[in-house]
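Reader: Got a minute? I'd like to go through how the parts of this protein meet.
Author: Sure, here it is.

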Amino acid sequence: MSGQTSASVVERVFRAVDDLWEEEVAFLQRLGRYPSTLGNETAIQRFLADYFARELHLEVDQFIPDPKQLATHPGYSPVEWSYANRPVVVGKWRAQGPKTGKSLILQGHVDVVSPEPVSLWDYDPWGSTIEGERMYGRGIMDMKSGIAAFIYAVKAIQQAGVELGADLLLKTVIEEECTGNGTLATLEKGYKAEGALIPEPFGPRALKAQVGVIWVRVKVKGLGAHVERADRAVNAIEKAYVLIEALKQYRAYINNLPKHPDFQDHEHPLNVNVGVIRSGDWPSNVPAECTFEARIGFYPGIDPQQVKDDVKRWLLQAARQDEWLRKVEPEISFYGFHAEGVSLNQNLELFKILEKAHEKSTGNRLTYMSATATTDIRFYHLYYNIPATCYGPIGANMHGANEWVDLNSVKQVTKTYAAFILDWCGVRT
Ligand SMILES: [Zn+2]
């Protein structure tokens, strides 16, 4: 029965997690050694598809997202690259016999952000170095540790000889860090369930809200020349700064507006970050062109298209205050994230079951948090009416040098996921 797994079954499965722990750590090390940045996810996805079939005896589908099919979906984010050889992977553990619980999806993203500049690291970003209770590496925390946790939760359940009362789907996706199109592709192909958990490394807390995110690209033209004629030239880098300043003012403006109820406790919930700038190739030349790209956060309940329109208007208005930019208007375009924010109802049964699972693995009460970043749970809620949340390990330096995960927390999260699966999917006795 859902919600009432017997204590002895849970204990048996927790013991299996303990027994499998060394193997789980080695498995996480192996995942960390795949340099699975954007466009380089093939090898780790092939490995996981094979692992799902061979070790967990799942029915496995791996397929390439088709942007042409997804492009009309409101959750689609436009891309400028190909999906060739970049599969998403879905493994299904089909329940035998009558359904006694609810179906569930466990999902993680295999894509990781660049480790550059590598010179800042004290460890090999692809080395999965263990020191004490920490494992270091790019993507170890975000979020290969979470993937290892849910895979070993399932493995422990199988090793304990437990059969589930409903279908369980494991998904490993690409492009969580830039579009979410990997997750969208699995849902559009029909891989749905009655609930979903994603072990993003926000710690062992339940995610109750997340901001929306868009990316913007601004291209500024100057009037190039050699520096000796600089009085007649217009420096594109300096003109780009006019618009970067305007974005900083936009950031102050949106953070001074009344806060969304889920973000009252955050001093500065809406980050606007200039993450890329490209211009120039010679110190003695005046650069003729400068392009910068920024990430912009916004509250749940706002249409991403509206934010794009607002940002464009804001920048063009700033451009009109500048003598040069008034004449040579900047080109403003958008690609990547087109992600709406999410605010969840805390009365969802998903949270009640997660509270119990968390108590079983830690003895503590579950707490809730709001994320100033986006995650793939948005697709489940916004477009498919599937309750979903994040709960994951702890660590530090996510997206920075010397990223690490706390191995004790990975083991604890593995147990919470195991307890959750047993309660949510039900157990066949
Ligand atoms: Zn992540």
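Reader: How much area is buried between domain 1 and domain 2?
Author: About 1500 Å² is buried between domain 1 and domain 2. Carbon and sulfur atoms give 55% of that area. Keep in mind that this is a predicted model.

Reader: Which residues of domain 1 lose the most area to domain 2?
Author: P78, E80 and T372 do. Together they make up 32% of what the domain 1 side buries.

Reader: Back up a step. Where do the domains run?
Author: Domain 1 is assigned to 7–210 + 342–428, and domain 2 to 212–339. Their C-alpha centres are 34 Å apart.

Reader: And how many residues does each put into the contact?
Author: Domain 1 puts in 22 residues, and domain 2 puts in 18.

Reader: Now charges. How many salt bridges are there between domain 1 and domain 2?
Author: The count is one. The side chains of E80 and R217 form a salt bridge, with N to O at 2.8 Å.

Reader: What about polar contacts across that interface?
Author: Eight residue pairs are in polar contact there.

Reader: Which elements give two or more residues to the domain 1 side?
Author: β9 (206–210), β16 (342–343) and β17 (368–371). Of the elements, β9 gives the most, with three residues.

Reader: Last one. What is the make-up of that side by class?
Author: The side of domain 1 that touches domain 2 has nine nonpolar, eight polar and five charged residues.

How values were computed
Residues are numbered from 1 along each chain as its sequence is written. This is a predicted model: local features need pLDDT of at least 70, side-chain atom pairs count only at pLDDT 80 or more; totals for chains, interfaces and linings use all residues. Side-chain values use heavy atoms; hydrogens and water are left out. Domain bounds come from an automatic or database domain assignment. Contact means heavy atoms within 4.5 Å. Buried area is the accessible area (1.4 Å probe) that two parts lose on being put together, summed over both. A salt bridge is a side-chain nitrogen of Lys or Arg within 4 Å of a carboxyl oxygen of Asp or Glu. A polar contact is a pair of N or O atoms within 3.5 Å; within protein, one must be able to donate a hydrogen and the other to accept it, and residues adjacent in sequence count only if both atoms are side-chain atoms. Helices (H or I, at least four residues) and strands (E, at least two) are DSSP runs, numbered from the N terminus. Ala, Val, Leu, Ile, Met, Phe, Trp, Tyr, Cys and Pro count as nonpolar, Asp, Glu, Lys and Arg as charged, and the others, Gly among them, as polar.
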